[in-house]
Amino acid sequence: MAMTGPQRIPGAVFDLFFGTGRYSGSDMEVNCGVIHTTEGPTLYDYNDGASAPTVTSVPDFKNRRLVHHQHFDVDESARALVNEPGGVQTNQANAFQWELVGTCDPATHRSWTSRGIAHIYWPEPPDWAVRDVAALMRWLHDNHGIPLAGRSEWMAYPASYGDSRVRMSFSEWTSFKGWCGHQHVPENDHGDPGALPFARILAVAKGDTPLPEVPDMDATQAKQLAEVHKVLVPYMGWQYKGAGTVDAWEILNGLSKQIAAQTAAIKALASQLGDDVDTATVVAAVEKAIADAVVTVSVDVTGPTNS
């Protein structure tokens, strides 16, 4: 079968390209995409390609972007799906396979957050990750015809594991075009990528919902952040001493759900900012605001929740 259209993703990295090696796949014409999550915070070597997807997208938190590591040509079968004897083809069923580094498991998310492990929890990705996932979806639509459409239900993990209601039948899978998750593919039991906000991503890919520009935090926002933390300090027993950017604001939006875990995440984010342009200014503003800000916000803190 001919491989039409560009086979290399613009801007991709080819440090782990397996398309010319022992595990190179079969030629095909992609018409659907399968989204996975790695359930690990880093890039894998996939046993020299034995279990590799088409591409793995690794978050670059400092620069707020996804780095695409391409493992096979776009129109080449990958190896990230189980393919049982008999039944239907999975890897070779015209499927573009995409691993997103991070987790869809709320328990793993809580654990990594409490330990300060930087990661994306894919049911709640930041805007920049949504932007980059949507951009690649759009490129695959424009250059390979994968429809900007997909399964309507993306079930939350762990309910999505196994023979759930969202798992496709053989006939549904054989005729499917568009985007689905590992949780939807027959002959497989994995539940990733969980409750991926597919409708939000799809709207951006279609251009229906442009993402807002996200400026760095200024001194006023830093003072507001410090005011929130001044309410939290007596309860949490620590004082915020790092730099803050929009990533901290994204986390603060979830304080009512998980105060303890989110606070640990803010500490981790602060340590990753390094030499960002406004770090020194924001550090000074936050530290000063913690010392002398008047609390003008009301936060009901009765204890950490884990919902």
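Helices, meaning DSSP runs of H or I of at least four residues, and strands, meaning DSSP runs of E of at least two, are numbered here from the N terminus. With that convention, the chain of this predicted model reads β-α-β-β-β-α-α-α-β-α-α-α-α-α along its sequence, a pattern made up of 9 helices and 5 strands.

**The whole chain**

Begin with the entire protein displayed as a surface, which exposes about 13800 Å², with carbon and sulfur atoms supplying 51% of that area. Of the 307 residues, 51% count as buried. If you draw the contacts between residues at least 6 apart in sequence, 74% of them join residues at least 24 apart.

**Strand 1 and its partners**

Next select residues 32–37, which form strand 1; 6 of its 6 residues are buried, so the strand is largely enclosed by the rest of the structure. Showing the side chains separates the strand into two sets, with Cys-32, Val-34 and His-36 pointing one way and Gly-33, Ile-35 and Thr-37 pointing the other way, and all of them are buried.

Add residues 95–100, which are strand 4, and you will find that this strand runs parallel to strand 1 and is joined to it by 6 bridges; within this pairing, Ile-35 has Trp-98 as its bridge partner. Then add strand 5 at residues 178–181, which is also parallel to strand 1 and is joined to it by 4 bridges. Here the position to centre on is Val-34, which stands opposite Cys-180.

**Helix 5**

Keep strand 5 on screen and select residues 198–206, which make up helix 5, where Phe-198, Ile-201, Leu-202, Ala-203, Val-204 and Ala-205 are buried. Which elements do the buried residues of helix 5 pack against? They pack against strand 5 and against helix 3, the latter spanning residues 127–144. Moving past the end of helix 5 brings you to Gly-207, which follows the helix and has a positive phi, near 85 degrees.

**Thr-54**

Now go back along the sequence to the loop between helix 1 (46–49) and strand 2 (55–60), and select Thr-54, which lies in that loop. Is Thr-54 buried or exposed? Its relative accessibility is 0%, and because buried means under 20% relative accessible area, Thr-54 counts as buried. Leaving aside neighbours within four places in sequence, the residues in contact with Thr-54 include His-69, Gln-70, His-71, Phe-72, Asp-73 and Val-74, together with Ala-78, and also Ala-95, Phe-96 and Gln-97.

**Pro-6**

From Thr-54, its contact Val-74 offers a route to Pro-6, since Val-74 is also touched by Pro-6. Pro-6 is found in the segment before strand 1 and is partly exposed, with a relative accessible area of 35%. Not counting residues up to four places away in sequence, Pro-6 touches Trp-139, Asn-143 and His-144 as well as Val-74. A distance label drawn from C-alpha to C-alpha between Pro-6 and Asn-143 should give 7.0 Å, although the two are 137 residues apart in sequence.

**The second largest pocket**

Finish by selecting Thr-37, Glu-39, His-182, His-190 and Asp-192, which lie nearest the centre of the second largest pocket. Rolling a probe the size of a water molecule over the atoms shows where empty space is left. The volume of this pocket is about 260 Å³, and its lining consists of 18 residues, which divide into 7 nonpolar, 7 polar and 4 charged. Thr-37 ties this stop to an earlier one, as it belongs to strand 1 and is buried there.

Conventions:
Residues numbered from 1 in each chain as written. Predicted model: local features only at pLDDT ≥ 70, side-chain atom pairs only at ≥ 80, totals over all residues. Heavy atoms only, no water. Buried < 20%, exposed > 50% of the residue type's maximum accessible area, 1.4 Å probe, protein only. Contact = heavy atoms within 4.5 Å. Areas by Shrake-Rupley, 256 points an atom, 1.4 Å probe, with all protein chains shown as cover. 1 Å grid on protein atoms, 1.4 Å probe; cavity = no way out; pocket = protein on both sides within 12 Å on 5 of 7 lines; lining within 4 Å. Points joined across faces, edges and corners; volume = space filled by probe spheres on them. Nonpolar A, V, L, I, M, F, W, Y, C, P; charged D, E, K, R; others polar. Pairing = 2+ DSSP bridges.
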